[in-house]
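Please report on the internal cavities of this model, and then on one of its sheets, with the criteria behind each term.

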Amino acid sequence: MSLPFIDLQAQYAALKTTIDARIQRVLDHGQYIMGPEVKELETALAAYAGVRHCITVASGTEALLIALMAMDLQPGDEVITTPFTFAATAEMIVLAGGVPVFVDIEPDGCNLDATRVEAAITPRTKAIMPVSLYGQVCDMDAINAVAARHGGIPVIEDAAQSFGASYKGRKSCGLSTWGATSFFPSKPLGCYGDGGALFTDDDALAQAAREIRVHGQSQRYTHTRVGVGGRMDTLQCAVVLGKLERFDWEIERRLAIGARYQRLLAELPLRRLAVREDRDCVWAQFTVQVEGREAVVDALKQAGIPTAIHYPRPLHRQPAYEQRCRVATPLPHAEAAAQRVMSLPMSADLSEAQQDQVVAALRAALSRPDGSLSRTAGEGRGEGRHPARST
């Protein structure tokens, strides 16, 4: 019997009474668009992230677009980002009229390499958009410092995978000009459809985002700016409110499960994600790097272990973006990671027995025919310049 890659059924079973009551309340009052749960959720999430403003939106993708629109991105403006991420990051830059400028990643952590950002800045740079990949926050202080040295370039943290993660004692989404997250069902905090949120301390940007998400209206039928239909519906806000009941517990579980995975995999011939000493990782995906990935994935499938690849091709190699981007630095680490990354089952409800099943199957997949383990350079540790811990 196959394991679930993400066990949303177990999560719902634990929260069924709360979530059902939340949904029923919306069905009873009938305010399906911009109902009271929208404001309730925004207040709770702003407090969680430690910012003044949270603006819920239709998806994490929409969050990025609205942030760029609120900053008045113009055709030809450049946004520095990573090529090793889901397409939505570059997609929204292009749809807003901008040019994605790609900088390489850290080889051991897979996040944007903050030391390479400054060299990519030009007079056309309008924003920097690091992606907090796999649930670990980028080196936001270093990126913010570069932005400040160049006239206060806005920084947008694409935190679709990192809501709930901590960085130097602060929460993801509360670390820069904008934080943008996703409530896609598989995220650390997910709804039962699409949803997302923007976070900021800037009053003017928050007001712009609120107007943009309702077709640019400052009041009904008064369109003060060009906008989109970008609201998060009330039912989805109700679901997230229900899930907040045990979100702290889920984050603790993710940290513990991730730490156990790291320990169990320490002697296997693979590369584990390096988690920096000054932050944690909420493991939106538990991702490792392996040689001969196709054979390993197939062996795990035969053993009933689902996997996923986040991501098999960097964005500068994608047909839609290779002519619409600027490659600011060589990108060997992004290209290498795309050939090796593989994500294993991960959720707050993953049991130790299930974890042991995953690790046993992975050990078998990585073994030579004689039963001994093959060897991979850099196995079991980070290979970057920064301090890392194997949690």
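## Largest cavity

In this predicted model, the largest cavity has a volume of about 90 Å³, where a cavity is a set of points on a 1 Å grid over the protein atoms alone at which a 1.4 Å probe fits but cannot get out, and a volume is the space filled by probe spheres set on the points, joined across faces, edges and corners. Of its 16 lining residues (those with an atom within 4 Å of a point), Ile-6, Leu-8, Gln-11, Glu-250 and Arg-254 are the closest to the centre. Helix H1 (8-29) and helix H8 (247-264) each contribute at least two residues to this lining, helices being DSSP runs of H or I of at least four residues and strands E runs of at least two, numbered from the N terminus.

Residues are numbered from 1 along each chain as its sequence is written. Local features need pLDDT of at least 70 and side-chain atom pairs count only at pLDDT 80 or more, while totals for chains, interfaces and linings use all residues, and side-chain values use heavy atoms, without hydrogens or water.

## Second largest cavity

The structure holds two cavities of 30 Å³ or more, and the second largest encloses about 40 Å³. Its lining consists of Pro-4, Phe-5, Asp-7, Pro-345, Met-346, Ser-347, Leu-350 and Gln-354.

## Three-stranded sheet

Three strands form an open sheet in the order E12-E14-E16, with antiparallel pairing; two strands pair if DSSP finds at least two bridges between them. Strands E12 (271-272) and E16 (341-344) are the edge strands. Strand E14 (residues 286-289) pairs with E16 over four bridges, and Thr-287 has Ser-343 as its bridge partner in E16.

Methods: On a 1 Å grid over the protein atoms alone, a cavity is a set of points where a 1.4 Å probe fits but cannot get out, and a pocket is an open set with protein on both sides within 12 Å along at least five of seven lines; lining residues have an atom within 4 Å of a point.
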